[in-house]
Amino acid sequence: MTRFSRVLVVPLLLSALLAAPPLAAQSAQSVVDEMKARHEAQLETVDNYVVETNLYTAYHRKVTRNGQTTYETATRMSGQSETLNALGTTPTTTSGVAYLDRLATHATYDGTESVNGTESHVLRINDPAAVYDEMTGDIEEMMYYVNADTYAPSRMVVTMAPQSGGDQSPTMTIDYTDYRTVDGLTLPYVMEMVMDLGMSEDQRRQLQQLQEKLEQMPEQQREQMKRVMGKQFEQMQKMMAGEPTTVEVQSVRVNVGIPEGIFAETNSDS
């Protein structure tokens, strides 16, 4: 999974992790049951929604797949060339109830922990690919932290297979904060991602040399990279340096329709 694809997967994971009203839970199944209740309640009132952030715009529309109602998502990265944006708008179906059923099957309940000052249920997934179709084989484990009061996701930790020459397994941690409700849709307005690449000292030196080369790159070449990658150029440098990447929601539009051309024509059995 590339650094670019890790950013793209964020809105997809967010859509799948919407949670449910308060209820005591002592198992993965009971936590998932509450998440499922929230998902189904949202489907009743939200036909489509658009989330615009400082890094991307995510489009979601309600569809029916294999007799189940869910959301299909397409993402456009901000400030990128049309060529790279075309890679980010490939529709991906968040498999709704089917996804949650897989989560209940493959997750284990790991007690509770405090996340940013709030108690959260912990779900551990040892086979992420069995839950998420988008996850590749280098993702070894995922941990979900679900707020014990609101059943909204508070944190997710993804552990990847060690890279060649690395000292430890790379991890990505995403914190979800500042929840707000717009027209019945509740979403976190701030998502902070931190990458720990698990590099050896040699790899860190190589990374430092790469960053120095980027800084010494001729201005014209740097500007060309920025035009192609847009905001992702700066985010790539931050991720390489292990600095937090913050996704901030700027607007949420519910049931206003999706612009033409965002989704390719796909078959549904509605």
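Two strands count as paired if DSSP finds at least two bridges between them. With that in hand, here are some close-ups of this predicted model.

**View 1. The β5–β6 hairpin.** Strand β5 (residues 107-115) runs antiparallel to strand β6 (residues 118-125), and seven bridges join the two. Pick out S114 and you'll find its bridge partner, E119, in β6. Just two residues separate the strands in this hairpin. In the turn, look for N116, whose phi is positive at about 55 degrees.

**View 2. Y49 and Y71, the one aromatic pair in the structure.** The ring centres of Y49 and Y71 are 5.5 Å apart, and their planes meet at 80 degrees; that is over the 60 degrees cut-off, so this pair is edge-to-face. The two tyrosines come from distant parts of the chain, 22 residues apart: Y49 belongs to strand β1 (residues 48-53) and Y71 to strand β3 (residues 68-77). Are they buried or exposed? Y49 has 1% relative accessibility, so it counts as buried, the cut-off being under 20%. Y71 is buried too, with a relative accessible area of 3%.

**View 3. R61 over the ring of F263.** Here the charged end of R61 sits over the F263 ring, 4.3 Å from the ring's centre.

**View 4. The largest nonpolar core.** This core takes in 43 residues. Want landmarks? L103, M142, Y144 and V252 are the ones with the most contacts inside it. Strand β10 (residues 185-196) is the biggest giver to this core, supplying six residues.

Notes: Residues numbered from 1 in each chain as written. Predicted model: local features only at pLDDT ≥ 70, side-chain atom pairs only at ≥ 80, totals over all residues. Heavy atoms only, no water. Core = buried A, V, L, I, M, F, W, Y, C linked by side-chain atoms within 4.5 Å. Buried < 20%, exposed > 50% of the residue type's maximum accessible area, 1.4 Å probe, protein only. Helix = DSSP H or I, 4+ residues; strand = E, 2+ residues; numbered from the N terminus. Phe/Tyr/Trp six-rings, centres within 6.5 Å; stacked < 30°, edge-to-face > 60°. Lys NZ or Arg CZ within 6 Å of the ring centre and 35° of its normal.
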